[in-house]
Amino acid sequence: MDRNNTFPIVPAPTKIAENQGPPLKLDAKVSVTTTTAAGQGVANYLADALAGMGISAAALAPGSPPEGTEIALDLTGDEHGPNADGLPGIGAESYQISITDAGAKISASAPAGLQHGATTLTHLLTQAEGTWSLPAVEITDSPRYSWRGLSLDIARSFSPLAEIKEIIDVLVDLKYNVLHLHLCDDQGWRLQIRSHPELTKISGNTAVEGGRSGFLTQADYIELIEYAAARHILVVPEIDVPGHTHALLHALPLADVGRKAPEPYTGIEVGFSELRLDDPTAVSILTDILAEVAELTPGPWIHIGGDEPLVIPGERYATSVATAEKLVRDSGKKAIGWNEFVRGSQHTETLIQHWDHRTELAALANAARRGHRVIMSPASHVYLDMKYTQDYPHGQDWAGLIEVADSYEWEPSADVPNLNPDQIIGVEATIWTEKIPTREAMLEMLLPRLAPIAEVAWSANPEGERSLGDLEPRLVAQAARWERKGWPFYRSPQVQWSSAE
Ligand code: TNX
């Protein structure tokens with residue numbers, strides 16, 4: 001890791017070598033060129049990022065001759081479609097960078113790789129006496145895991161579209177590629193469903209106590225997916241059943257077999273509600289909802305939840321999960337479920353998202369043996385709604401306090417005993433919003449911890465050993481960038497922030 005530490009890139013690239021030459025000064029006009037139209041989005045992104053720092057930069061159309069200093073985007077392949085997981089894939093996300101004092105070049109086989117190269121360039125910029133420059137280096141880089149995500153709970157407390165887009169900007173800056181949206185829970189329903197307008201009409205107006213209500217119209221949702229896709233981020237919607245369904249039952253009493261949900265729920269308990277998937281009305285409502293979500297969502301996945309079925313008898317839970325999984329598949333998508341989902345899942349294509357160390361560990365290893373792949377979200381390392389310290393004002397602490405080192409010093413392949421590491425598709429952080437009511441609180445919970453988690457997910461480390469000291473100088477450099485962008489972050493006492501400036 002030492003060599004990578006010389007340059008302030010997070011997550012650390014696979015290989016970086018100095019050219020020994022002088023740096024590339026960006027004091028004259030900069031042209032970001034691209035070989036093909038497919039690179040144009042990244043060219044625009046990079047030119048905007050440079051211009052935002054006061055550099056005179058413009059993205060040119062393919063084939064236009066550069067003026068001044070050239071930063072060239074070289075797309076070397078023409079297979080740009082997503083793979084069966086809806087992701088670019090490791091090859092497509094890989095890139096090379098070459099910088100000399102004459103210019104810079106980013107090469108990749110697909111736009112996603114160009115995007116990551118562009119992000120890396122923005123991390124490499126340093127300013128001296130008013131002039132920005134890039135060091136003369138050669139970089140080769142590719143991700144360890146193909147799935148690197150954040151699960152965002154907009155159900156307990158809502159984040160409006162503009163704030164979700166800002167979170168996407170944060171994700172792009174750390175080379176994440178999945179945004180999982182937790183769209184509904186006991187406290188609220190956040191996506192307009194045309195066939196059941198009551199869902200948002202009623203439960204779009206409710207939220208956890210102290211949290212924000214609201215919802216995404218279908219137009220908002222489409223705009224969000226397009227914003228994410230333009231930045232090579234896949235959106236995975238979650239419709240959590242059969243538990244976590246009080247807001248649905250509250251809005252649609254027809255679906256509530258026992259009619260137990262007349263009042264909105266504003267507390268923070270979990271595991272008390274149930275959508276009865278042995279009831280035909282409930283099943284038909286869920287079918288309608290999933291059909292619309294599937295129609296709106298280009299990606300291949302719908303997350304179906306399945307967590308914390310605390311009041312649901314075991315057999316009924318297993319059958320409900322199998323029903324939900326079948327409905328997702330009938331809608332043309334593949335399912336994802338939280339740990340407990342393994343109790344009923346019938347299809348090994350279903351991804352299992354591991355979150356809870358208290359349950360299903362052996363079952364998870366067995367499920368992986370049968371062929372399920374697993375997303376690693378161990379609560380004690382990546383639950384970013386956990387407080388940093390006991391007296392930190394936001395968040396909860398049921399999975400422990402998570403300081404920056406806790407989110408860095410762990411190894412996905414060693415987290416679940418006997419889990420075949422080849423079945424791990426990647427890592428996903430989560431942020432639940434029972435106790436995170438504002439944009440500022442949200443960003444301060446995400447940053448800095450999203451940075452170490454990005455490195456766990458991206459940077460290969462076969463020995464599985466990490467220590468915060470390796471990350472620290474690079475993290476401090478990110479903090480200076482976050483400040484310029486106006487992104488609040490937590491100044492953890494584990495990090496010497498001042499040495500940055
Ligand atoms: C557990 S993680 C939950 C969520 C809560 C979260 C609070 C998971 C699958 N379920 O419903 O919001 O803890 O940290």
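1. Contact, as used for the helix described here, means heavy atoms within 4.5 Å. The model is predicted. By that criterion, helix H2 (residues 40–52) lies across four strands: E3 (30–34), E4, E5 (69–75) and E7 (103–108). Relative to E4, the helix runs at about 170°.

2. The strands under H2 belong to an open sheet of 7 strands. Its order is E1-E10-E6-E7-E5-E3-E4, and the pairing is mixed. Strand E1 (15–18) and strand E4 (57–59) are the edge strands, each pairing on one side only. On average, neighbouring strands of this sheet are turned by 10° against each other, with direction ignored.

3. At the E1 edge, the partner is strand E10 (residues 137–141). E1 and E10 run antiparallel and are joined by 4 bridges. One residue pair can be named here: Glu18 has Val137 in E10 as its bridge partner.

4. A further open sheet has 3 strands, in the order E2-E9-E8, and its pairing is antiparallel. Strand E2 (24–25) and strand E8 (126–128) each have a single partner strand, so one side of each is left without a neighbour in the sheet. E8 and strand E9 (residues 131–134) are antiparallel and share 3 bridges. Within this pairing, Ala128 stands opposite Thr131 in E9.

5. Which residues are closest to the ligand? They are Arg156, Tyr383, Asp385, Trp398 and Glu434, out of 14 residues that surround the ligand. By class, this shell holds 7 nonpolar, 2 polar and 5 charged residues.

6. Three side chains can be listed with distances to polar atoms of the ligand. For Arg156, a side-chain N or O atom is 2.7 Å from an oxygen atom of the ligand. For Trp398, a polar side-chain atom lies 2.7 Å from a ligand oxygen atom. For Asp307, the atom on the ligand side is a nitrogen, and it is 2.9 Å from an N or O atom in the side chain. How much of the ligand's accessible area does the protein cover? The ligand on its own has 360 Å² of accessible area, and the protein covers 98% of this.

7. For inspection of the model, two places can be looked at together with the points above. One is the ligand shell, where Arg156 and Trp398 are among the closest residues. The other is the E4 edge of the 7-strand sheet, where E4 pairs on one side only and H2 lies across E4.

Conventions: Residues numbered from 1 in each chain as written. Predicted model: local features only at pLDDT ≥ 70, side-chain atom pairs only at ≥ 80, totals over all residues. Heavy atoms only, no water. Near = heavy atom within 4 Å. Polar contact = N/O pair within 3.5 Å; in protein donor to acceptor, adjacent residues only side chain to side chain. Areas by Shrake-Rupley, 256 points an atom, 1.4 Å probe, with all protein chains shown as cover. Nonpolar A, V, L, I, M, F, W, Y, C, P; charged D, E, K, R; others polar. Pairing = 2+ DSSP bridges. Helix = DSSP H or I, 4+ residues; strand = E, 2+ residues; numbered from the N terminus. Axes fitted to C-alpha atoms, helices over the stretch in contact; angles between N-to-C directions.
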